[in-house]
Amino acid sequence: QLRLVESGGGLVQAGGSLRLSCTISGSGYAMGWFRQAPGKEREFVAVISWDNDSTLYADSVKGRFTISRGNAKNTVYLKMNTLEPEDTAIYYCAASDHRVSGEYEYDYWGQGTQVTVSS
């Protein structure tokens, strides 16, 4: 069973930065970050492909967040800059090894890490 372990969440003031990490027990997966705020549905944040590390971001984080892989490719990072209170959520990493209708389908999820941005 593939395991994903997130870390790096915490409390930060608005305008600050955090870096989340997700370590995966396997290889060959596109890796995505998602978040879920209280009372809201889970939403896509960013994804990085396995083959060429191409990236895609939600409009709400574009220009502020950066997704990347470590050299061994089994760790994925989400660097979050200029954080806003609206970024407060539980952040989850997820792994995908296939697409459905061109979209990644995520079969494996981490346990989540809390990010809280104070105003």
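User: Let's start with strand pairing. Which residue stands opposite Tyr91 in E9?

Analyst: Happy to help, and keep in mind that this is a predicted model. The residue that stands opposite Tyr91 of E9 is Arg35. That position belongs to a longer ladder, since E4 and E9 pair in the antiparallel sense over 7 bridges.

User: Which other strands does E9 pair with?

Analyst: E9 (89–96) also pairs with E13 in the antiparallel sense, over 3 bridges. There, Ala89 has Val115 of E13 as its bridge partner. E9 pairs with strand E12 (residues 108–109) too, in the antiparallel sense and over 2 bridges. In that pairing, Ala95 stands opposite Tyr108 of E12.

User: Is E9 mostly covered or mostly open?

Analyst: Mostly covered: 7 of the 8 residues in E9 are buried.

User: How should I read the nonpolar core, and which residues have the most contacts inside it?

Analyst: The general idea is that in soluble globular proteins, nonpolar side chains tend to be buried together. Here the largest nonpolar core has 29 residues, and those with the most contacts inside it are Met31, Trp33, Leu78, Met80 and Tyr91. Strands that give two or more residues to this core are E3 (18–24), E4 (30–36), E5, E7 (65–69), E8, E9 and E13 (113–118).

User: Take Met80, then. What is it in contact with?

Analyst: Setting aside neighbours within four places in sequence, Met80 is in contact with Gly16, Ser17, Leu18, Leu20, Arg64, Phe65, Tyr91 and Val115. Tyr91 is a familiar name from our opening, where Arg35 stood opposite it. Val115 has also come up, as the bridge partner of Ala89.

User: Now an open sheet. What is the strand order, and which strands are at the edges?

Analyst: The open sheet has 4 strands in the order E1-E3-E8-E7, with antiparallel pairing. Its edge strands are E1 (4–7) and E7, each of which pairs on one side only. From one strand to the next, the twist averages 15 degrees. For a detail to look up in the viewer, E1 and E3 pair over 4 bridges in the antiparallel sense, and Leu4 has Ile24 in E3 as its bridge partner.

User: How do I read aromatic pairs, and how many does the structure hold?

Analyst: A pair of aromatic rings is described by the distance of the centres and the angle of the planes. This structure holds 6 aromatic pairs. In one of them, the rings of Tyr104 and Tyr106 have centres 6.3 Å apart and planes at 50 degrees, so the pair is tilted. Tyr106 also forms a tilted pair with Trp109, at 6.1 Å centre to centre and 55 degrees between the planes.

User: Why is the Tyr104 and Tyr106 pair called tilted?

Analyst: Planes under 30 degrees apart would count as stacked and planes over 60 as edge-to-face. The planes of Tyr104 and Tyr106 are at 50 degrees, so the pair is tilted.

User: Are these three residues buried or partly exposed?

Analyst: Buried means under 20% relative accessible area, and exposed means over 50%. Tyr106 is at 16%, so it counts as buried. Tyr104, at 22%, is partly exposed, and so is Trp109, at 30%. Ring pairs also link these three with Phe34 and Phe44 into a cluster.

User: Where do charged ends sit over rings?

Analyst: One case involves the cluster member Tyr104: the charged end of Arg99 sits over its ring, 4.1 Å from the centre. In another, the charged end of Lys73 sits over the ring of Trp50, 4.2 Å from the ring centre.

User: Last topic: backbone angles. What is phi of Asp53 and of Thr82?

Analyst: Phi of Asp53 is near 55 degrees, a positive value in a residue other than glycine. Thr82 also has a positive value, with phi near 45 degrees. Asp53 is in the loop between E5 (43–48) and E6 (55–57), while Thr82 is in the loop between E8 (75–80) and E9. Both are partly exposed: Asp53 has a relative accessible area of 33%, and Thr82 is at 46%.

User: What touches Thr82 from elsewhere in the chain?

Analyst: One such residue is Gly15, which touches Thr82 and Leu83 when residues up to four places away in sequence are not counted. Gly15 has its own place in the loop between E2 (10–13) and E3.

Terms used
Residues are numbered from 1 along each chain as its sequence is written. This is a predicted model: local features need pLDDT of at least 70, side-chain atom pairs count only at pLDDT 80 or more; totals for chains, interfaces and linings use all residues. Side-chain values use heavy atoms; hydrogens and water are left out. Buried means under 20% relative accessible area, exposed over 50%, partly exposed in between (1.4 Å probe, protein chains only). A nonpolar core is a set of buried Ala, Val, Leu, Ile, Met, Phe, Trp, Tyr and Cys residues joined through side-chain atoms within 4.5 Å. Contact means heavy atoms within 4.5 Å. Two strands pair if DSSP finds at least two bridges between them. Rings of Phe, Tyr and Trp (its six-membered ring) pair if their centres lie within 6.5 Å; planes under 30 degrees apart count as stacked, over 60 as edge-to-face and the rest as tilted. A charge sits over a ring if NZ of Lys or CZ of Arg is within 6 Å of the ring centre and within 35 degrees of the ring normal. Axes are lines fitted to C-alpha atoms, for helices over the stretch in contact, and angles run from 0 to 180 degrees between N-to-C directions.
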